[in-house]
Amino acid sequence: MLSPVHGKQKFYPMTVISANKLSLTFETNDGPVHALSEVDLDIKKGEFVSFIGPSGCGKTTFLRVIADLEKPTGGTISVNGMTPEEARMKRAYGYVFQAASLFPWRTIEKNISLPLEIMGYSRSEQAERVNRTLELVELSNFGKKYPWQLSGGMQQRASIARALAFDADLLLMDEPFGALDEIVRDHLNEQLIKLWKRTNKTICFVTHSIPEAVYLSTKIVVMSPRPGRVTDVIDSTLPNERPLEIRESAEFLKIAHRVREGLRAGHSYEE
Amino acid sequence: MLNSLSATGLLIDILGALLIALVVLNTASKSILRNSAAHMGYNYDHSISQITQRNDTILGICLIIVGFSLQFLEALGYVANFFSKTIFISTIVISASYFFLRHALAAYQINVLIPKHGSPKKPLGYPIVEQVFFSNGLRSNSGKTIPVLTVIAVIVAIWYACVVWMNAPFEYDKAERAKTDPPNFSQLISNTMAQERPVLPAAHQVFAEIWDTTVNKKITSKRSLIYHSWITLSATLLGFIIGTVLGILLAVGIVHNRAMDRSVMPWVIASQTIPILAVAPMIIVTLNAVGLTGLIPKALISTYLSFFPVVVGMVKGLRSPDNSQLDLLHTWYASKPQIFWKLRWPSSMPFLFTSLKVAVAISLVGAIVGELPTGAVAGLGARLLAGSYYGQTIQIWSALFMAAALAAVLVMIVGFAHSYVLKRMGQKVEIY
């Protein structure tokens, strides 16, 4: 069912994700649900892309297609120039879920080394990488703790560390801060920006929050439901240096306004 | 064996019962106390009255236990009358002085200390006597101690009432046949508790029998209850181990193979709808025909019962990881064995141990049932059977109590293993 990649467009080394007329239809008892309909999108290396839209617009589904957790029913998609399945076999990406999904019987260290164990890294390499990523998310003193001993924000940081541990260039984040309160969320957003700049990774970030999307992204993909499709792609004009105060600037509000307009155009505010 | 009911023991029992009745009355009076304290403008510190009530209950239960143990010891002939009287008098003196001192001090606290210091946020401290007697030992788990002891005390009381009631007809019959006067009440009580083949044996008779057949007999003796328990226990453990392994293997198959899920699971459930009493003789006889006797057939009946909770629990346990955990492993391109050992197996541990607790108890039932149909010569089941053939009710009851104790110990061992494993897995556990 999955046609070979590339298609008509030529593959550029700078393009990490390339979707071409990508569609996904779920067959349900109430008839087909068009989760994704003819989505065209290119994501370049080093970009921070946010997907925003109401529930059912297919933003999570798109992320899951990239991760090979769902198979598309039409169109093509390539990840690092490969099919999503090949990319997954090469462990090309790290995935962060809304729930931290840490294994409760493993310490934070052990949780972070879990993907490394599975991928067959040596013990010394595991320890080295665990220490490095723990430092990256500022949890160095908490490696020996169990997940329940950490706050929700710290747990989510640990799950980001886990996704970073095996050095995939692509980070897929599905509403990672959705369940956290606003104060923690602000702090983590700031940290995430720093982390992104330090590691130069490509990040795909699904969110419900307009300020979060505008604050974090270099590119904002506005989506709308029934069928799930892209209504607007906004390249952020904000500078790379982003203190939290930037959210009160005119530039920021202008982009936020355009996102809101895009959502309205997609009938997202109906019902 | 028991000549007369220990009068002193009985008196101490009654004293304990009276004390508990007093506590019940006291609970009713508590609200009055609180109201009057509030009327006087003080915040009545209910913790004091709770403590006093709790300790009165403990005292009452202790008295009942002392009374029963006296009866028990006297029944065995270990206690001279003089000794028993000494214990009786000292018990009365100690509890009376404790009672008096404690209430005096509590009254002092309520009437003097609280008005002086105002209404305290914390209790003012326990009365001195209680600090000496019940400093921390009973307080830390008193939440369980009292209910458990109370239930035991109530059960024992009902038991003894039933002993008199159920064994009385025999005494009346006996008197009629001997053409003597029917026994008066106190004679009736002491006689009904000392019959050789009572309809319902008294607790102290049963425990005397257990004592006699465990401590006083060599382990190798055919009359030793320990010997019989070991015969049953060995079949139980073997059946439990086979059942656990079989249950886990079936569960792994069911979780990983759709065909097995569809085909095996209904049979697993159907297997338990057949009464074990119908299956057990067939297993024993069939295996006997192929030359298997003794331990193995009994163990297989245990297996038949014990694999079921393990299968059901483990299927649920192995399926308990949530989707995001499974998706994570999928994104890391983990192999099936990796998914099993890193996620499914650890996730299923709480389910496994909960099932094992049921399985180990039911294994014991299986082993005992396996001893019944063939007229086995050894084992707790054989003791039950022999006891019922010859009307040895005391023997039946002592075998029953031994089986219950065995089951309790086995379940507790599994429980300890449970908390140990979960603690090793870093989880907060509150099992016992």
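**Sheet, cores and confidence in a predicted model**

In chain A, strand β1 (residues 15-28) runs antiparallel to β2(A), and the two are joined by ten bridges. The structure described here is a predicted model. A good place to start looking at this pairing is A:Leu22, whose bridge partner in β2(A) is A:Val39. Both strands belong to an open sheet of three strands in chain A, ordered β2-β1-β4 and paired antiparallel. Strands β2 (31-44) and β4 (74-79) of chain A form the edges, each pairing on one side only. From one strand to the next, the twist averages 20°.

Turning to the interior, the largest nonpolar core holds 80 residues, and the members touching the most others are A:Ile66, A:Tyr93, A:Ala158, A:Ala161, A:Leu172, A:Cys204 and A:Val259. Helix α5 (residues 152-164) of chain A gives the most to this core, contributing six residues. Leaving aside residues up to four places away in sequence, A:Val259 touches several residues, among them A:Ile52, A:Ile210, A:Val222 and A:Ile234. A second core, separate from this one, has 49 residues, including B:Ala251, B:Ile283, B:Ala299 and B:Met314.

Chain B has 16 helices and zero strands. Of its 432 residues, 34% count as buried. Among the contacts in chain B with a separation of 6 or more, 76% are between residues 24 or more positions apart.

As for confidence, chain A averages a pLDDT of 85, with 93% of the residues scoring at least 70. Over residues 1-12 of chain A, however, the pLDDT is below 50, and this stretch has 16 contacts in the model beyond near neighbours in sequence. Where pLDDT is low, predicted coordinates should not be read in detail.

Note on methods:
Residues are numbered from 1 along each chain as its sequence is written. Chains are lettered from A and ligands numbered from 1 in the order in which they are written. This is a predicted model: local features need pLDDT of at least 70, side-chain atom pairs count only at pLDDT 80 or more; totals for chains, interfaces and linings use all residues. A nonpolar core is a set of buried Ala, Val, Leu, Ile, Met, Phe, Trp, Tyr and Cys residues joined through C-beta atoms within 7 Å. A residue is buried if 20 or more other C-beta atoms lie within 10 Å of its own, exposed if 12 or fewer, and partly exposed in between; C-beta atoms are placed from the backbone. Helices (H or I, at least four residues) and strands (E, at least two) are DSSP runs, numbered from the N terminus. Two residues are in contact if their C-beta atoms, placed from the backbone, lie within 7 Å. pLDDT is the predictor's confidence in each residue, from 0 to 100. Two strands pair if DSSP finds at least two bridges between them. Axes are lines fitted to C-alpha atoms, for helices over the stretch in contact, and angles run from 0 to 180 degrees between N-to-C directions.
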